[in-house]
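Student: Take me through the empty space in this one, please. I'd like a close look at what surrounds it.

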Amino acid sequence: MKAQDWRPSASIENLRRRAQILAAIRDFFAARNVLEVETPTLSHRAVSDPFIDSIEAVYAPFPGGPVQPLYLQSSPEYAMKRLLAAGSGAIYQLGRAYRNGESGGRHNPEFTMLEWYRPDFDDAALMDEVEALVCGVLGLSSIRRVTYRALFQEQLGLDPLKAPLSQLKACARASLDVAMEDEDRDSWLNLLMSHLIEPALAGQGAVFVHEFPASQAALARLRPGEDGTPVAARFELFIQGMELANGYHELTDAAEQAHRLEADQSSRASLGLPQRPLEDRLVSALQQGLPDCAGVALGVDRLVMLALQTTSISDVIAFPFDRA
Amino acid sequence: MANYSANQFKNGLKIMLDGDPCTMTDVEFVKPGKGQAFTRVKMRNLISGRTWEKTFKSNESAEGADVMDRDMEYLYCDGEWWHFMEPATFEQFAADKSAVGDAHQWLKEQDRSMITLWNGNPIAVTPPNFVELTVTETDPGVKGDTAQGGSKPATLSTGAVVRVPLFIEEGDVLKIDTRTGGYVSRA
């Protein structure tokens with residue numbers, strides 16, 4: 001332990017600003033009659049996404065008793081959708097989420113996430129609301145919108161939905177030293193997005209990227225894009241090249257949801273990743289009926305970073321991972 | 001040597017790439033909210049000095065390089081090799097011109113330098129940040145002109161030539177910043 005490790009990494013002034021932003025977020029939703037909810041951060045089920053690793057905890061009924069694995073939640077999404085299916089109406093949650101191994105200038109394994117759901121909204125209507133919140137906090141006037149496809153065409157001159165894999169690889173290798181031998185289109189698209197497009201977005205202020213490839217739908221529904229090619233009703237907000245929010249016009253089809261969970265589980269198996277219990281209660285909730293809704297998750301620490309014009313997450317949280 | 005997976009990468013880790021030992025000078029974790037994570041690393045080739053950025057997928061790994069930094073005392077140069085000694089063990093190491101590089105102009109006998117060894121052989125020599133060297137040749141000093149600007153070249157005992165203030169005289173001992181090659185003060 002270093003002598004100064006007891007100190008917060010963020011200044012007290014930054015923490016004061018952070019508190020003002022948290023209060024402004026709660027005011028924003030109170031004014032719009034969106035209900036604040038709290039759901040467990042400790043669950044019997046884990047996220048299925050192969051690229052998100054849950055932190056495991058163990059529960060014992062008494063010290064030394066038989067232990068039961070539990071998982072710190074990587075997002076409140078599953079539980080909040082169960083509330084929506086139970087008739088909650090519009091809800092938001094401002095709370096902690098946990099992701100194993102995610103530590104860096106913009107990541108802390110434990111972070112503050114704002115997630116909200118709006119019945120009867122689609123992705124475009126929810127982008128309007130994200131815009132209203134973020135512009136209010138950051139003092140912006142408006143946020144540009146561009147489709148994933150148009151962005152790749154504009155920045156890299158290739159069509160991400162149609163270009164052959166060989167073209168994606170050639171484009172990446174032309175400007176990056178990357179050893180990757182991967183036959184998955186999405187790996188290459190993610191590489192191009194994170195290494196070439198995000199840095200290019202750094203000079204463009206705030207940008208919504210929407211209509212992701214169908215293969216990157218996650219929990220968004222699919223719909224035909226401009227030329228009929230299916231796209232995901234998903235958007236991401238980037239500000240100064242930093243990913244700030246990810247939203248969907250939500251999938252409500254229980255069978256499709258069950259299928260995506262199973263597909264994630266088999267891709268986990270093929271990647272040699274741990275098999276963890278799937279959230280079958282989410283499938284049951286969708287069978288009961290999730291209202292037509294849109295939902296979004298927003299990284300609050302990053303929002304504070306942008307408001308305070310700092311590039312390090314440790315400037316906006318009192319005790320980051322290495323001092324926790 | 002051990003293998004390191006990309007999620008164990010950190011600043012200062014030395015790995016083998018294309019047969020050369022390389023060090024990581026900056027490690028950045030690139031993780032989109034959805035999809036594949038990457039580790040983007042600023043690398044420096046310890047043999048050629050080349051620096052560049054390389055991206056690893058989080059499940060890729062790299063072989064560690066047997067590279068270590070040791071403090072050693074500079075002994076002498078025989079014209080071809082620069083000889084150093086580890087003070088605790090008296091073990092001697094000889095570094096060639098490519099390992100010594102620009103450091104040769106700051107090496108004074110008995111000063112400590114950091115020697116980077118790869119598989120037991122010196123591949124780089126890093127002199128201390130500050131050295132004290134004697135002026136062997138310079139134009140006569142200008143008395144009373146201690147505050148005014150203006151400078152002149154001075155040759156030091158190691159052969160290095162640095163810009164010094166006008167009042168410096170032959171025989172003065174100067175403190176030099178080896179990172180910039182600049183004069184700091186009289187010692």
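**Around the empty space**

Tutor: Sorted by class, the lining of the largest cavity holds 11 nonpolar, 7 polar and 11 charged residues. (Nonpolar here covers Ala, Val, Leu, Ile, Met, Phe, Trp, Tyr, Cys and Pro, charged covers Asp, Glu, Lys and Arg, and polar is the others, Gly among them.) Bear in mind that you're looking at a predicted model, where local features need pLDDT of at least 70 and side-chain atom pairs 80 or more, while totals for chains, interfaces and linings use all residues. Residues count from 1 along each chain as written, chains are lettered from A and ligands numbered from 1 in written order, and side-chain values use heavy atoms, without hydrogens or water.

That cavity encloses about 450 Å³. Of its 29 lining residues, A:Arg99, A:Phe111, A:Met113, A:Gly299 and B:Gly33 come closest to the centre. As for elements, β6 (110-119), β12 (242-249), β13 (293-299) and α9, from chain A, each give two or more residues to this lining. (Helices are DSSP H or I runs of at least four residues, strands E runs of at least two, numbered from the N terminus.)

In total there are 2 cavities of 30 Å³ or more. (On a 1 Å grid over the protein atoms alone, a cavity is where a 1.4 Å probe fits but can't get out, and lining residues have an atom within 4 Å of a point; points join across faces, edges and corners, and volume is the space filled by probe spheres set on them.) The second largest one comes to about 100 Å³. Its lining has 13 residues, and those closest to the centre are A:Asn190, A:Met193, A:Phe212, A:Glu236 and B:Pro32. In chain A, α6 and β11 (230-239) each put at least two residues into this lining, and α6(A) has the largest share with 4. The class split here is 5 nonpolar, 3 polar and 5 charged.

Now for the open space. The second largest pocket (an open set with protein on both sides within 12 Å along at least five of seven lines) takes up about 820 Å³. Lined by 39 residues, this pocket has A:Asp49, A:Pro50, A:Ser215, A:Ala218 and A:Asp264 nearest its centre. Helix α6 (185-201) of chain A turns up here too, alongside α2 (77-85) and α7 (254-270), each supplying at least two lining residues. The largest share, 9 residues, is from α7(A). By class, the pocket lining divides into 15 nonpolar, 13 polar and 11 charged residues.
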